[in-house]
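Biologist: Got a minute to go through this fold with me? I'd like to see the reasoning behind each answer, too.

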Amino acid sequence: MDKQRILVLDDDPVVGLSCKRILGAEGHIITTVTKGREAIERLSSEEFDLLISDVRLPDIYGIEVLQESKIIQPKTDVVIITGYPTLEDAKEAVRLGAFEYLEKPFTTDF
């Protein structure tokens, strides 16, 4: 399996650490950030294969980060994660090109 560069955006440091531990153990290169604007800045300056983004963030709505990411790096896959799933967010995420919309907590199988 090729090493993937993955950007994890979640304001809960435990989620970032868990993703780093699990995905890093599989050989992927993981970068974690806690704010949406920081994720957008990183996407503007670095190449990523995957963005894992929470919806509820302290500075910007995660769906907006998804939308910006598709402009900045259209080939980067995006997985949206949320502890507060709504049908509206799921529909909007898929419409904007999200690869997956997952409810937290999720297992490593996902």
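**Talking through the model**

Modeller: Sure, and keep in mind that this is a predicted model. Let's kick off with Ala39: at 0% relative accessibility, this residue counts as buried.

Biologist: Which residues does Ala39 touch, leaving out those up to four places away in sequence?

Modeller: Ala39 is found in helix α2, residues 36-45. That helix lies across β1, β2 and β3, at about 160° to β1. Skipping the sequence neighbours up to four places away, the residues Ala39 touches are Leu7, Leu9, Val33 and Val65.

Biologist: OK, on to the sheet. Which strands stand at its edges?

Modeller: Five strands make an open sheet with parallel pairing, ordered β2-β1-β3-β4-β5. Two of them have a single partner strand each, so one side of each is left without a neighbour in the sheet. From one strand to the next, the twist averages 20°. The edge strands are β2 (29-33) and β5.

Biologist: How many bridges join β3 to β4?

Modeller: β3 covers residues 50-54 and runs parallel to β4. One spot to look at is Ser53, which stands opposite Ile80 in β4. The number of bridges joining β3 to β4 is five.

Biologist: What angle does helix α1 make with β2?

Modeller: α1 spans residues 13-25 and lies across β1 (5-9), β2, β3 and β4. Its angle to β2 is about 175°.

Biologist: Now α4. Why do its buried residues Asp89, Ala90 and Ala93 count as being on the same side?

Modeller: Helix α4 covers residues 87-95, and Asp89, Ala90 and Ala93 are buried there. In an α-helix there are 3.6 residues a turn, so residues three or four places apart point the same way. Here the three sit on the same side of α4 because the arc they cover around the axis is only 100°.

Biologist: And which residues are exposed on the other side of α4?

Modeller: First, the buried residues of α4 pack against α3 (62-72), β4 (77-82) and β5 (100-103). After α4 comes Gly97, with a positive phi near 105°. The exposed residues on the helix's other side are Leu87, Glu88, Lys91 and Arg95.

Biologist: Last one, on rings. Which ring has the charged end of Arg56 over it?

Modeller: Aromatic pairs won't help here, as the structure holds zero of them. There are charges over rings, though: Arg5 lies over the face of Phe48, 4.9 Å from the ring centre. The charged end of Arg56 sits 4.0 Å from the centre of its ring, and that ring belongs to Tyr84.

Conventions
Residues numbered from 1 in each chain as written. Predicted model: local features only at pLDDT ≥ 70, side-chain atom pairs only at ≥ 80, totals over all residues. Heavy atoms only, no water. Phe/Tyr/Trp six-rings, centres within 6.5 Å; stacked < 30°, edge-to-face > 60°. Lys NZ or Arg CZ within 6 Å of the ring centre and 35° of its normal. Helix = DSSP H or I, 4+ residues; strand = E, 2+ residues; numbered from the N terminus. Buried < 20%, exposed > 50% of the residue type's maximum accessible area, 1.4 Å probe, protein only. Contact = heavy atoms within 4.5 Å. Arc of directions from axis to C-beta. Pairing = 2+ DSSP bridges. Axes fitted to C-alpha atoms, helices over the stretch in contact; angles between N-to-C directions.
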